[in-house]
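Subject: Structure handover

Hello,

Here is the structure I promised to pass on. Please open it first, then read my notes below.

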Amino acid sequence: MAAALLKLAGWNVSAFAQYGWFLTPNEQIAAVGWELILGAALIFGVHRPVTWIMALATFTTFAGVSSYLGFVGQASCGCFGAIQASPWTAFGVDVAMLLLLVLFRPRFSTDELRTASVESGEWAFGLVAVLALTLGAGVLLYGSPSAALAKLRGDTLTVDRSHIDFGHGQAGDILTQQVTVTNWTDGPLRIIGGTSDCSCIATNDLPITLAPGEAKSVSIEYKVPQSDKPGITSRKATLLTDSPKRPNLDLTLSAIVD
């Protein structure tokens with residue numbers, strides 16, 4: 001539950017998991033909702049055999065995701081929002097939780113375990129339905145899960161992804177991707193320019209002005225530094241805005257150097 005709240009607090013500071021489909025708003029909202037529900041069920045001891053099976057499946061999934069992010073070279077898993085944590089640290093926590101779940105599992109018979117397994121499927125289906133209804137309500141009221149989250153958090157400006165995966169390239173290559181910036185306020189806002197921790201970002205589209213509720217694409221060019229060796233390379237970048245509440249939109253740029 002603490003991890004879920006940290007994700008919500010640091011949503012636009014550090015991605016939930018800065019690689020691949022884990023970044024999409026639907027998956028982020030679903031993950032946070034599931035963590036809150038499961039955490040509450042564990043604390044209050046709701047139907048322990050079923051909750052135990054769900055916790056086992058959840059931490060097994062978390063361990064798989066953490067190890068995958070570690071193998072692809074991701075510096076931070078984003079598991080704790082703005083708090084930077086190595087995927088391998090998160091993997092160690094997940095494995096420790098699995099061991100504790102196995103060592104201190106609730107006492108129940110084989111028949112109870114079989115019944116709990118069936119009920120776990122029913123609970124999972126019900127929770128998926130609840131999450132789907134929640135997402136549907138957000139879309140109905142605000143037009144999209146992203147809009148619902150922005151309204152909930154009081155965001156002024158957001159980018160559709162804080163991690164930009166440029167795919168494969170070689171040292172010296174110039175790779176291009178686009179991000180979508182959305183203005184959630186009632187007045188116009190400007191994206192003024194961009195900075196990076198190296199001379200490898202070009203934002204030729206800037207400056208641009210976003211009308212209230214408008215979304216525009218910004219091209220980001222990433223020149224793979226000559227010094228980068230084969231493997232995962234990662235850099236930090238920032239889009240500068242005239243929004244008093246969000247003067248900086250932080251980005252992580254990564255590519256796989258062949």
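Asp258 sits in the segment after β9 (248-257). This is a predicted model. Along the chain, Asp258 and Ala171 are 87 residues apart. Their C-alpha atoms are separated by 8.2 Å. Leaving out residues up to four places away in sequence, Asp258 touches His168, Gly169, Gln170 and Pro230.

Now the overall picture. The protein has 258 residues, and 41% of them count as buried. Six helices and nine strands make up its list of elements. Take the contacts with a separation of 6 or more: 67% of them come from residues 24 or more positions apart. The exposed area is about 13,200 Å². Carbon and sulfur atoms supply 63% of that area.

Next, the aromatic residues. How many aromatic pairs does a search of the whole structure find? The search gives three. One of them is formed by Phe59 and Phe62 and is edge-to-face. Its ring centres are 5.9 Å apart, with 80 degrees between the planes. Both residues lie in helix α3 (residues 48-71). Because they are three residues apart there, about one helical turn separates them. Phe59 has 19% relative accessibility, so it counts as buried, the cut-off being under 20%. Phe62 has 24%, so it counts as partly exposed.

Phe166 and Tyr222 form another pair, and this one is tilted. The distance is 5.1 Å centre to centre, and the planes make an angle of 45 degrees. Which strands hold the two residues? Phe166 is in β2 (residues 163-169), and Tyr222 is in β7 (residues 215-223). The pair therefore ties together parts that are 56 residues apart in sequence. Phe166 is buried, at 6% relative accessibility. Tyr222 is buried too, with a relative accessible area of 0%.

Phe166 leads on to the nonpolar cores. The largest nonpolar core has 23 residues. Phe166 is among those with the most contacts inside it, along with Val181, Ile191, Ile220, Leu239, Leu251 and Leu253. Which elements give two or more residues to this core? They are β1 (157-159), β2, β3 (174-183), β4 (189-196), β6 (208-210), β7, β8 and β9. β9 supplies the largest share, with five residues. Another core lies apart from this one and has 10 residues. Phe59 is among its members, as are Leu98, Leu101 and Phe108.

One more residue to look up is Thr238. You will find it in strand β8 (residues 231-241). Is Thr238 buried or exposed? It counts as buried, because its relative accessibility is 14% and the cut-off is under 20%. The side chain of Thr238 makes a polar contact of 3.2 Å with the side chain of Asp250. Asp250 is also on the list of residues that Thr238 touches, not counting those up to four places away in sequence. The others on that list are Gly193, Gly194, Thr195, Asn248 and Leu249.

If you want a place to start, try the pair of Phe166 and Tyr222. Then go on to the core of 23 residues.

Best wishes

Definitions and conventions. Residues are numbered from 1 along each chain as its sequence is written. This is a predicted model: local features need pLDDT of at least 70, side-chain atom pairs count only at pLDDT 80 or more; totals for chains, interfaces and linings use all residues. Side-chain values use heavy atoms; hydrogens and water are left out. Helices (H or I, at least four residues) and strands (E, at least two) are DSSP runs, numbered from the N terminus. Buried means under 20% relative accessible area, exposed over 50%, partly exposed in between (1.4 Å probe, protein chains only). A polar contact is a pair of N or O atoms within 3.5 Å; within protein, one must be able to donate a hydrogen and the other to accept it, and residues adjacent in sequence count only if both atoms are side-chain atoms. Contact means heavy atoms within 4.5 Å. Accessible areas come from the Shrake-Rupley method with a 1.4 Å probe; for residues, only the protein chains shown count as cover. Rings of Phe, Tyr and Trp (its six-membered ring) pair if their centres lie within 6.5 Å; planes under 30 degrees apart count as stacked, over 60 as edge-to-face and the rest as tilted. A nonpolar core is a set of buried Ala, Val, Leu, Ile, Met, Phe, Trp, Tyr and Cys residues joined through side-chain atoms within 4.5 Å.
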